[in-house]
Amino acid sequence: MTAPSQAEGAVLETPFGAVRGVLFDIDDTLVDLEYSMTTALREVSEHLLPGLDQAGWERFGRIFTHETTHYYDRYLAGELTFNEQRLLRGRAALGHFGVELGEGEQSHQWLNAYMEKQPAYVKQFPDVMPLLDRLDRAGIPYGAVSNNVHDYQRAKLDGAGLERVRRLVGTDTLGVAKPDPAIYLEGVRLLGTDPAHTLYVGDNRLLDAEGSTAAGLLGVWLNRAGELVHGFEGNSVSSLQELIL
């Protein structure tokens, strides 16, 4: 199914204004990456943390997914490879529980096991497909702009059953990452729309909502957890269902 071009005049009314196209972040916006990471992490680390209770596993997952993201930032800056940042985050999380992931074969085995298992747990959020169906019915083109490389994210979308999100911009597309305005605007170009009538929605307040807004798009923060941020005056929703009237 091919969405009509902007020239055909498809417009959708949203709480944030009339839009002709929609761009999404991928991780923890369309795809529940946190679930896939924490589930795989527990599976490959249980032998290192025997007897850890549920609260401990939740803490372990939070450290890996939220408290070690500076390693991911170093990956985006070109200082680390993707797998190097994964391994460093794993070591840091295990280290909080007094476990040292050794160099060499032990690290290699842990990383390979995680790489093998994590994709199998990737799934889309339940509010994604109804929204995409609505956009297709309205003839509104959509795509994704991600802070990871194109082919890796393409495989992730396909693995989550989101092959229909065909337009995709990765960090290797232009050699820049969010919040560089160029990466959002490349998404707009692929849609054939204009920034002022293109919605951009993602779970990261700074990179997604504020970054895209600064680039001239209608940025929206997908705040699924209901986080309270003093002074934030931008657009926000708690579910993708709230994007359309």
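How much space lies in the second largest pocket? In this predicted model, the second largest pocket holds about 290 Å³ of space, and its lining is made up of Asp28, Asp203, Asn204, Arg205, Leu206, Trp221, Leu222, Asn223, Arg224, Ala225 and Glu227. Divided by class, this lining contains four nonpolar, two polar and five charged residues. Two elements, helix H10 and strand S7 (218-222), each contribute at least two residues to the lining of the second largest pocket.

The largest pocket encloses about 790 Å³ of space and is lined by 31 residues, with Asp27, Asp28, Thr65, Thr69 and Asp203 lying nearest its centre. Two or more lining residues come from each of helix H1 (33-45), helix H2 (54-67), helix H3 (69-76), helix H4 (82-95), helix H7 (150-159) and helix H10 (205-214). In terms of residue class, the lining of the largest pocket comprises ten nonpolar, nine polar and twelve charged residues. Asp28 and Asp203, which are among the residues nearest the centre of the largest pocket, also appear in the lining of the second largest pocket; likewise, helix H10 gives two or more residues to the lining of the largest pocket and at least two to that of the second largest.

Turning to the sheet, six strands are arranged in the order S5-S4-S3-S6-S7-S8, forming an open sheet in which the pairing is parallel. Strand S5 (167-169) and strand S8 (235-237) occupy the edges, each pairing on one side only, and from one strand to the next the twist averages 25°. Within this arrangement, strand S6 (residues 198-202) runs parallel to S7 and is joined to S7 by four bridges; Tyr200 has Gly219 of S7 as its bridge partner. Helix H9 (residues 181-191) packs on the sheet, where it touches strand S3 (21-24), strand S4 (142-145), S5 and S6, and the direction of helix H9 makes about 160° with that of S5. Strand S7 thus takes part both in the sheet, between S6 and S8 in the strand order, and in the lining of the second largest pocket.

As regards the confidence of the prediction, the protein chain has an average pLDDT of 93, and 96% of the residues score at least 70. Residues 1-7, by contrast, have a pLDDT below 50, although this stretch has 13 contacts in the model beyond near neighbours in sequence.

Notes
Residues numbered from 1 in each chain as written. Predicted model: local features only at pLDDT ≥ 70, side-chain atom pairs only at ≥ 80, totals over all residues. Heavy atoms only, no water. pLDDT = per-residue confidence, 0-100. Contact = heavy atoms within 4.5 Å. 1 Å grid on protein atoms, 1.4 Å probe; cavity = no way out; pocket = protein on both sides within 12 Å on 5 of 7 lines; lining within 4 Å. Points joined across faces, edges and corners; volume = space filled by probe spheres on them. Nonpolar A, V, L, I, M, F, W, Y, C, P; charged D, E, K, R; others polar. Pairing = 2+ DSSP bridges. Axes fitted to C-alpha atoms, helices over the stretch in contact; angles between N-to-C directions.
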